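Biologist: I am new to this structure. Please take me closely through one part, the surroundings of the ligand, and then show me how that part fits into the rest.

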Amino acid sequence: MKIGTPKEVLKGEARVAMTPDSARQLQKLGYDCVIEAGAGVAAGFTDAAYREAGVEVVKTAAALWKAADIIAKVRPPTETEAKRLTKGKTLISFFYPAQNEALLELCKDKGASVIAMDMVPRISRAQKMDALSSMANIAGYRAVIEAGNNFGRFFTGQVTAAGKVPPAKVLVVGAGVAGLAAIGTATSLGAITYAFDVRPEVAEQIESMGAEFVYLEFDETQDSAATGGYAAPSSPEFREKQLAKFRELAPEMDIVITTALIPGRDAPKLWLKDMVESMKPGSVVVDLAAERGGNCDLTVADEKVVTKNGVTIIGYTDFPSRMASQSSTLYATNVRHMMTDLTPGKDGKVVHDMEDDVIRGATVAHQGEITFPPPPPKVQ
Ligand code: NAD
């Protein structure tokens, strides 16, 4: 069978789902590889590099979608792309089936199978395919880099002949994958880092990365084991306590990175206008939750705004794409691991084993049927 990758069509998307290296691995699984001309250029992979790796380069998107039995891409397909699917083809991409019902219906009607990389169950065995985590890791790192790029001072404290420089204080709100990456990056640059999460079990991880966990005096704790490791909405009383703590911290913090999310909901508003107003001029807020409405009241998705009191609020939603070479390499590896599991015979033939927890969880359409939502995984 042929596995093919088109050029991403979303404006500004620089990632690509197949790299020359991943293509070499896919060929070892028995597949022929094909790519649309120019698909990897924005991520630093030339057509020549693909050819050298044994990949066929085709001129147009139409030719690519026609030639490939399996289409691997990054973003969910556009309607035009989905219409190019035919019976028996398999699409592998981020898909967000809960938010893209009509698109899922269209793929089902076309008789294609759809594997949503965002639906890979978060169990140990599937970590190598966990594209949400690989992208969140990059976003967390890049959030600190963007903050530093907009912050007029050092992260680390220094004593120089020209005077003493205090270290920057960084607060990370939400310590999931992106938050922990941001903590690691800020700490390694020398900042004094604080972090808060509603899931008390992450305190140890936060502290092991050199940051201080911001404790709330509150009896209620979240039992996130009941929600698959994810956070649930907080009670109004807890939220008030949390906001009061943030109000206390806001005037002291130089950089605030917010990453708080609850599955299936808009981002909780946690860094409010009055907190921004009490921050020092020159401070920076990076809102990694911008795509889901933002954790900060004043965030504008995809924009950088500077408030009247001189605080920069960054709401970019394309952090992984801003590091397209790295993110493409990791994403293509996640896809390749998915293909390994889909190819037990290493013979270039997809075997769609719906008894396999990981394949079942990620498959949202199969043989003319919608297979989302999946049953909960049997193995942890
Ligand atoms: P996410 O991006 O969905 O959310 C980010 C963080 O925001 C979470 O830590 C969440 O607790 C926090 N949050 C939510 N509401 C908040 C609030 N009001 N205030 C402060 N923080 C708030 O999370 P994620 O990075 O995708 O990870 C979530 C969970 O999944 C974690 O437990 C993580 O360890 C787990 N996980 C497991 C695996 C695996 O393979 N085993 C892989 C990745 C993640």
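Modeller: Start with the make-up of the shell around the ligand: 15 of its residues are nonpolar, 9 are polar and 4 are charged. Keep in mind that this is a predicted model. In total, 28 residues surround the ligand. The closest are Gly174, Gly176, Val177, Ala231 and Ala260. Two elements give two or more residues to this shell: helix 6 (131–150) and helix 7 (177–188).

Take helix 7 now. Ala181 sits in helix 7. Is Ala181 buried or exposed? Ala181 is buried, because 25 other C-beta atoms lie within 10 Å, and 20 are enough to count as buried. Leaving aside residues up to four places away in sequence, Ala181 touches Asn137, Gly140 and Tyr141. For a sense of distance, compare Ala181 with Ala61. They are 120 residues apart in sequence, and their C-alpha atoms are 36 Å apart in space.

Next, helix 6. Helix 6 packs against a sheet, an open one of 7 strands. The strand order is 11-10-9-12-13-15-14, and the pairing is mixed. At the edges are strand 11 (212–213) and strand 14 (304–306), each pairing on one side only. Helix 6 touches strand 12 (255–258), strand 13 (284–287) and strand 15 (312–314) of this sheet. The direction of helix 6 makes about 150° with that of strand 13. Out at the edge, strand 11 runs parallel to strand 10 (residues 192–196), and 2 bridges join them. There, Ala195 stands opposite Phe213 in strand 11.

Now step over to the other open sheet. It has 8 strands, in the order 3-2-1-4-5-6-16-17, and its pairing is mixed. Its edge strands are strand 3 (56–58) and strand 17 (369–370), each with pairing on one side only. Helix 5 (residues 101–109) packs on this sheet. It touches strand 5 (90–93), strand 6 (113–116), strand 16 (363–366) and strand 17. The directions of helix 5 and strand 16 make an angle of about 40°.

Look along this sheet pair by pair. Strand 1 (residues 2–5) and strand 2 (residues 32–36) are parallel, with 4 bridges. Within that pair, Ile3 has Cys33 as its bridge partner. Strand 4 (residues 70–72) pairs with strand 5 in the parallel sense over 3 bridges. Here Ile71 stands opposite Leu91. On its other pairing, strand 5 runs parallel to strand 6 over 4 bridges. Ser93 faces Ala116 across that pair.

Strand 5 deserves a second look. In a regular strand, side chains alternate between the two faces of the sheet. Both faces of strand 5 are covered. Thr90 and Ile92 are buried on one side, and Leu91 and Ser93 are buried on the other.

Finally, step back to the whole protein. Its secondary structure comes to 12 helices and 17 strands. Of its 380 residues, 47% are buried. The C-alpha trace spans about 65 × 50 × 35 Å along its principal axes. The radius of gyration is 22 Å, which agrees with the value near 21 Å for a compact globule of 380 residues. Among contacts with a separation of 6 or more, 64% link residues 24 or more positions apart.

Definitions and conventions:
Residues numbered from 1 in each chain as written. Predicted model: local features only at pLDDT ≥ 70, side-chain atom pairs only at ≥ 80, totals over all residues. Near = placed C-beta within 6 Å. Nonpolar A, V, L, I, M, F, W, Y, C, P; charged D, E, K, R; others polar. Rg over C-alpha atoms; globule rule 2.2 N^0.38 Å. Buried ≥ 20, exposed ≤ 12 C-beta atoms within 10 Å, placed from the backbone. Contact = placed C-beta atoms within 7 Å. Pairing = 2+ DSSP bridges. Axes fitted to C-alpha atoms, helices over the stretch in contact; angles between N-to-C directions.
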